[in-house]
Structures are given as structure tokens and as C-alpha cells.
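Colleague: I'd like to go through this one by asking how you justify each label. Can we have it on screen before we start?

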Amino acid sequence: LGDGTGGLVAANVLAKAARGRGLPLRITIVGDSPKHTYQPGMLFLPFRLPGYRTVADIQRDNAGFIGPGIEYRVERATAIDTARREVTTNQGSHAYDWLILALGCRTVVDAIDGLPERWGTRAHGFYTPESALALAGALERFEGGDLVVDIAEMPIKCPVAPLEFAFLVDDYLTKRGLRGRTELTLVTPLTGAFTKPICNEMLTGTLLGRNIKVVPNASLAVVSDKVIACPDGKTVPYDLLVTIPPHEGAEVIDDAGLGDGLG
């Protein structure tokens, strides 16, 4: 289950191994994303860098990544019955002997009070193609003020991406002549810029060296029109908010009793 990178790689590796050993393995990929999205490219869409101007620039047909001996069904999994060894989709059901879950994770904007009402207007992200393109428009309209890059909570996909964005936006604003009119801040639930002690010290120092303020130990609780608030009551003002929403896995995993409450 899952036609992202994990599902594609798992299926191809298994199929190759089965062919090499002469095993009669029938492999089926079930997923509802026929277009593969090169996820690192979403970091560059907000800045419309060469080769990263549209969603089409970072997408290719999944069919081109599927090797021989693999069946691909573009369907959405709706239930997993482990007792019966059966997966139900929006188009039918499939029996299995072995099931690999490669359903990835998703951003959950609704998990933060006040964020859904401001998503796409005052608050933006870059962890989906749609939000990255909306952020491109917001950056083009930005003329200075408080720009906050916020990590709502951990864990997230690619913990270094928010730092990369902070450095990219620093460069972007400098080239537009707006850096001197912008207070750039990274707000993070970590004790600093990164998770590991040596990286944390070095990357935090690099951010501060670029005049990027770091607000540590600050998870996101509430978003209003002008400030974000942390559970301890700490607030940070913003004119443009770029946030990485909480991440959760697929609901179908928890529904099947296989998850930890967050899929």
C-alpha cells in the first residue's frame, strides 16, 4: 500500500529479488497518486528557481518508475482487515499473503487552532505542491516586516528543510533589497536549530550569523492574525507566517488497529 518513494522502491527491490531467485511472487502496488512528486523540489517552488516554477516541473508519471512483474492499481485504500488478510479500496478488495505499508505521512493543518482559517492567506507552507505555489505568490507580494518560519511540532519529514528555507528566504530577500526591512525568525520546538548536539550548535550559529533569530523550545498552539502563541503563553509576531504543520500517518493504519494513534 502506497505509491510514493517507499512503495515504489520496496516493490521494485522485491520484484528484482524474486526474479533472481525464481520465486513466483505476485506484487501489486495500490496507491492513489499516479504522479510521483519529487518532494525536495517543493522547497524551491516558493522562489521559482530555474527548473522549479510549476508543479509539472517536479512531477513524473509513476508508471515510469515501476519495473516488470509489478501490477499497479490506482486506488485509495479505505480499510485493512488483518484477520482476513484483505485490503478494501474505493474500487473493490484485494487479498494478500504479505502486506507492506508504505503510506507515508501527511500534514495536518487542522491540528492547530486558528491555522485553517488563515491557511493560504496569512499563513503558508511548502510541504505540499499547492501550498508551495501559494507561498510563491505571498513572497512576491511581501514588502518587509516580520517573517516567521515556524515548526509546529516534531517529528516532521526532513527536519533540515525549515533551515534550508530560512537560508533560501534570507538570500531571496537580500536579492530583492528587502532583507534590511525584514525581521527573520525561526521558531522551533527543539532546543535549537537541529536535533543533534554538534549540528545544533553549528547550525544555530550559522542562522544567528545571518541575522536570523532563533526561538527555541516553542511548539505551536494557536495562530491569530498577527501573532503565533506557544502552549506556555509565549508569543511571536508575524506579518508573513511560513509554518510546517504537524505530521501524522494514514488514518487507515489506525483504523486497522496497527498504529500508535497518529497513524
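**Labels and the reasons for them**

Colleague: Why does Arg118 count as buried?

Modeller: Its relative accessibility is 17%, and buried means under 20%, so Arg118 gets the label. Bear in mind that this is a predicted model.

Colleague: What makes the contact between Asp225 and Arg118 a salt bridge?

Modeller: The N to O distance between the two side chains is 2.8 Å. The cut-off is 4 Å between a Lys or Arg side-chain nitrogen and an Asp or Glu carboxyl oxygen, so the pair qualifies. Asp225 sits in the loop between strand E13 (222-223) and strand E14 (227-229), while Arg118 belongs to helix H2 (residues 115-118), so the bridge ties together parts that are 107 residues apart in sequence.

Colleague: And is Asp225 buried, exposed or partly exposed?

Modeller: Partly exposed: Asp225 comes out at 41%, and that label covers the range between under 20% and over 50%.

Colleague: What else is there in the loop between E13 and E14?

Modeller: Ser224 has its place there. Leaving out residues up to four places away in sequence, Ser224 touches Arg118 and Tyr238. Its C-alpha atom is separated by 9.8 Å from that of Ala123, which is 101 residues away along the chain. With a relative accessible area of 26%, Ser224 is partly exposed.

Colleague: How many salt bridges does the structure hold?

Modeller: There are 11. Among them is the one between Arg176 and Glu143, whose closest N and O atoms are 3.4 Å apart. That pair links distant parts of the chain, 33 residues apart: Arg176 in the loop between helix H4 (161-175) and strand E11 (182-187), and Glu143 in the loop between helix H3 (129-141) and strand E10 (145-151).

Colleague: How do you know which accessibility label Arg176 and Glu143 get?

Modeller: Arg176 has 31% and Glu143 has 44%. Partly exposed lies between the 20% and 50% limits, so that is the label for Arg176 and for Glu143.

Colleague: Which label do Arg179 and Asp170 get, and why?

Modeller: Arg179 has a relative accessible area of 12%, which makes it buried, and Asp170 at 7% is buried as well. These two also form a salt bridge, with the closest N and O atoms 2.6 Å apart.

Colleague: Which residues are linked in a network of salt bridges?

Modeller: Glu71, Arg73 and Glu75.

Colleague: On to the sheet. What makes E9 and E12 edge strands?

Modeller: Start with the order. Five strands make an open sheet that runs E9-E16-E10-E11-E12, with parallel pairing. Strand E9 (123-124) and strand E12 (212-215) each have a single partner strand, so one side of each has no neighbour in the sheet.

Colleague: How do you know that E11 and E12 are paired?

Modeller: Pairing needs at least two bridges, and four join E11 to E12, so the two strands pair. One example is Thr185, whose bridge partner in E12 is Lys213. Helix H5 (residues 197-209) packs on the sheet here and touches E11 and E12, its direction making about 135° with that of E12.

Colleague: And over how many bridges do E10 and E11 pair?

Modeller: Six, in the parallel sense. Gly145, for instance, stands opposite Thr182 in E11.

Colleague: Why would you describe E11 as largely enclosed?

Modeller: Five of its six residues are buried, so the rest of the structure largely encloses E11.

Colleague: Which residues form the nonpolar patch on the surface?

Modeller: Leu14, Leu23, Leu25 and Ile100, with about 330 Å² of accessible area together. Leu14 is found in helix H1 (residues 5-21).

Colleague: What makes Leu14 eligible for a patch?

Modeller: A patch residue needs over 30% relative accessible area. Leu14 has 35%, and the label is partly exposed.

Colleague: Last one: what does the chain look like overall?

Modeller: Its secondary structure comes to six helices and 17 strands, and the C-alpha trace spans about 65 × 40 × 35 Å along its principal axes. Of the 263 residues, 41% are buried. The accessible surface is about 13600 Å², and 54% of that belongs to carbon and sulfur atoms.

Notes
Residues numbered from 1 in each chain as written. Predicted model: local features only at pLDDT ≥ 70, side-chain atom pairs only at ≥ 80, totals over all residues. Heavy atoms only, no water. Buried < 20%, exposed > 50% of the residue type's maximum accessible area, 1.4 Å probe, protein only. Contact = heavy atoms within 4.5 Å. Axes fitted to C-alpha atoms, helices over the stretch in contact; angles between N-to-C directions. Patch = residues over 30% accessible without salt bridge, like charges linked within 9 Å, V, L, I, M, F, W, Y side chains within 5 Å. Areas by Shrake-Rupley, 256 points an atom, 1.4 Å probe, with all protein chains shown as cover.
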